[in-house]
Amino acid sequence: MIKLKYRSWTEIPLYLGDKLKEIIDSDINQNEKNLQILAALCETSVDVIKNANALEIKSLISAVNNTDMRGEITAKRVSKKHKTFELNCKVYNVSIEPDQMTYSQFVDFQEYIKEKDKNKAELMSTILIPQGAKYNDGSYSMTDLIEEIYNFMSVQQFYDFFFTCCIALKVSLKNSLQSLLKMRQTTAQTKKEIKELLKAMK
């Protein structure tokens, strides 16, 4: 009997999320897309789905339609109380706020965020640091960490972290602009531009 393994974005790992997006964006006909999506969510092959009992497949399709995967992902802010994060039975320190990051860590974060859809795991590797280590200090394998994140972090967890990071960056930038606004050396024209930026950020 074929079973639906994934019923929510909180269960779907990043690698599978990318696979589903690739299927959805492909040029194949809708029937083939449905077969491939169902096979992916059941962790089986398309041939197994094609050769399964029609009523069984109808039941599986109905189950998929009743999950939260049919709608958009709603990101939730990660609480500041969450200083650590467990992934695949391993514990990581969380660095979400800019003032918690090293310079090289923040630079890498900014670089990966430019194409976040292609660099989800890489982006998360800049905020999840193995306990007892510092960012990319050579005491752990960055390649292994990225692979771990890609295979075990859920799509929902990624968007929650990403959303929280964006808020933290916005607050940090806003504070910096307000500080610059108070400086005597700041020209009238610059102050005007800063005020316009701050207004747009509300």
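**Figure 1. Contacts between helices α1 and α2 in the predicted model**. In this predicted model, the residues Leu-16, Lys-19, Leu-20, Ile-23 and Ile-24 of helix α1 meet Lys-33, Gln-36, Ile-37, Ala-40 and Leu-41 of helix α2. Helix α1, which spans residues 14–24, packs against α2 at an angle of about 170 degrees, and the two axes lie 9 Å apart. Because angles over 145 degrees are counted in this way, α1 is described as roughly antiparallel to α2.

**Figure 2. The crossing of helices α2 and α4**. Helix α2 (residues 30–42) and helix α4 (residues 54–65) have axes that come within 11 Å and cross at roughly 80 degrees, and the two helices are therefore roughly perpendicular to each other. On the α2 side the residues in contact are Leu-38, Leu-41 and Cys-42, and these meet Ile-57, Leu-60, Ile-61 and Val-64 of α4. Leu-41 of α2 also appears in the previous view, where it is listed among the residues that meet α1.

**Figure 3. The antiparallel sheet formed by β1, β2 and β3**. Three strands make up an open sheet, arranged in the order β1-β2-β3 with antiparallel pairing. The edge positions are taken by β1 (84–87) and β3 (128–130), each of which pairs on one side only. On average, and with direction ignored, neighbouring strands of this sheet are turned by 45 degrees against each other. Strand β2, made up of residues 90–94, is joined to β3 by 3 bridges, and these two strands run antiparallel; within this pairing, Tyr-92 has Pro-130 of β3 as its bridge partner. In general, the strands of a sheet pair through backbone hydrogen bonds, in either a parallel or an antiparallel manner.

**Figure 4. The surroundings of Ser-95 in the loop that follows β2**. Ser-95 is found in the loop between β2 and α5, the latter covering residues 103–113. With a relative accessible area of 10%, Ser-95 is buried, because the cut-off for this class is under 20%. When its neighbours within four places in sequence are left aside, Ser-95 is in contact with Gln-100, Met-101, Gln-105, Ile-127 and Ile-129.

**Figure 5. Met-153 in the largest nonpolar core**. The largest nonpolar core holds 48 residues, and the members that touch the most other members are Leu-128, Ile-149, Met-153 and Phe-161. Not counting residues up to four places away in sequence, Met-153 touches Ile-12, Pro-13, Leu-14, Phe-85, Leu-87, Met-124, Leu-128, Glu-148, Phe-158 and Phe-161.

**Figure 6. Three of the salt bridges in the structure**. The structure holds 7 salt bridges, and three of them are shown here, beginning with the one in which the side chains of Lys-21 and Asp-25 meet at 2.7 Å, N to O. Lys-21 is partly exposed, having a relative accessible area of 45%. In a second salt bridge the side chains of Lys-114 and Glu-111 meet at 3.3 Å, N to O; here Lys-114 is exposed at a relative accessible area of 62%, whereas Glu-111, at 46%, counts as partly exposed. The third pairs Lys-118 with Glu-115, whose closest N and O atoms are 3.4 Å apart, and in this case Lys-118 counts as exposed at 65% relative accessibility, while Glu-115 counts as partly exposed at 42%. Side chains of opposite charge can pair when their charged atoms come close.

How values were computed:
Residues numbered from 1 in each chain as written. Predicted model: local features only at pLDDT ≥ 70, side-chain atom pairs only at ≥ 80, totals over all residues. Heavy atoms only, no water. Core = buried A, V, L, I, M, F, W, Y, C linked by side-chain atoms within 4.5 Å. Buried < 20%, exposed > 50% of the residue type's maximum accessible area, 1.4 Å probe, protein only. Contact = heavy atoms within 4.5 Å. Salt bridge = Lys/Arg side-chain N within 4 Å of Asp/Glu carboxyl O. Pairing = 2+ DSSP bridges. Helix = DSSP H or I, 4+ residues; strand = E, 2+ residues; numbered from the N terminus. Axes fitted to C-alpha atoms, helices over the stretch in contact; angles between N-to-C directions. Parallel < 35°, antiparallel > 145°, perpendicular 65-115°, else oblique.
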